[in-house]
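Please look over the structure below with an eye to its pockets and to the surroundings of one selected residue.

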Amino acid sequence: MINYPLTRANRIRLARAFFNARRVDLSIDCVLEDQMGQAWVDCLENPTVFQIQTGPFVYFAGDLHSAAAREMIAGLPPFTLVMPTLPGWLERVQEIHGERFELYERASFSDESITVEHLNILIASSPWQDNLRPMEADFIRPIWGQDHFIDLAMFDSIEDFETRGIGFYVRIHGDLAGAVFSQLVCSQGIEVSLFVLPEYRRQGVATLLSASLIKACRNRGQKAHWDAANPESGRLAVKLGYLPAGTYEGGYLGE
């Protein structure tokens, strides 16, 4: 597996390889725009297998039955999340990794029905409104590069996050209760990442954080892409005004 330099010519080749791939999130577009993520191939001069990666998420295209595809799939590290792109790849990964590879359902959502008026109502009704703060450099610096639920590793630096990213957090009695932020950024918008500590869940923290982020994105002319890996995330999406847009299978590679 060879790292594929994201030159203009190579990005055109990637775009052709992933042309018919289902866009379940922004990862493919992030790499095609050379905004975030990496690409890997079996051969620089005439690649037949392509892998796009953003964090733990991977996406495949090319000749899935080739020896190169088998080698690329076999080399996936534990805790990889394999996303659906083109037919046959999830089945191929399961064939190679067997019981280590577990399929699970994810849900897509459309933001077409979201209104700022509705978001304002959710924000105004939150008991934690005064606890909300934007994620700025002074907050980010102590956690930068650390193993933390606020994972900004896809950004080049704190300054890069300040320029391209967006995020909010809530403190309750001095404790960091949760945060929401742009996991990915490209011309299509941002990918929402949300986490609330267990002891502060079901208290409206997630609603306040999410509504605030989506409203800020709207004010910046950005779309906030929402993809749910569990029912709780899906219910919150609907509460915020997203419309369900179908489900799909992803896969998780265990140890």
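This report treats the two pockets in turn and then a single leucine.

The model is a predicted one, and its largest pocket encloses about 1,300 Å³ of space. Among the 40 residues lining that pocket, Ser193, Leu194, Phe195, Asn230 and Ser233 are the closest to its centre. Two or more lining residues come from each of strand 9 (175–186), strand 10 (189–196), helix 8 (205–219) and helix 9 (231–240), and strand 10 gives the most, with 6 residues.

The second largest pocket has 18 lining residues, and Phe109, Ser110, Asp111, Lys223 and His225 are those nearest its centre. At least two residues of this lining are supplied by each of strand 6 (101–110), strand 10 and strand 11 (224–225), with strand 6 providing the largest share, 3 residues.

The volumes and lining classes are set out here.

| Property | Largest pocket | Second largest pocket |
|---|---|---|
| Volume | about 1,300 Å³ | about 280 Å³ |
| Nonpolar lining | 17 residues | 8 residues |
| Polar lining | 12 residues | 5 residues |
| Charged lining | 11 residues | 5 residues |

Turning to the single residue, leucine 81 belongs to strand 5 (residues 81–82), and it counts as buried because its relative accessibility is 15%, where the cut-off for buried is under 20%. Once neighbours within four places in sequence are set aside, the contacts of leucine 81 are Pro56, Phe57, Val58, Tyr104, Gly251 and Tyr252. Proline 47 lies 34 residues from leucine 81 along the chain, and the C-alpha atoms of the two are separated by 23 Å.

Technical notes. Residues numbered from 1 in each chain as written. Predicted model: local features only at pLDDT ≥ 70, side-chain atom pairs only at ≥ 80, totals over all residues. Heavy atoms only, no water. Helix = DSSP H or I, 4+ residues; strand = E, 2+ residues; numbered from the N terminus. Buried < 20%, exposed > 50% of the residue type's maximum accessible area, 1.4 Å probe, protein only. Contact = heavy atoms within 4.5 Å. 1 Å grid on protein atoms, 1.4 Å probe; cavity = no way out; pocket = protein on both sides within 12 Å on 5 of 7 lines; lining within 4 Å. Points joined across faces, edges and corners; volume = space filled by probe spheres on them. Nonpolar A, V, L, I, M, F, W, Y, C, P; charged D, E, K, R; others polar.
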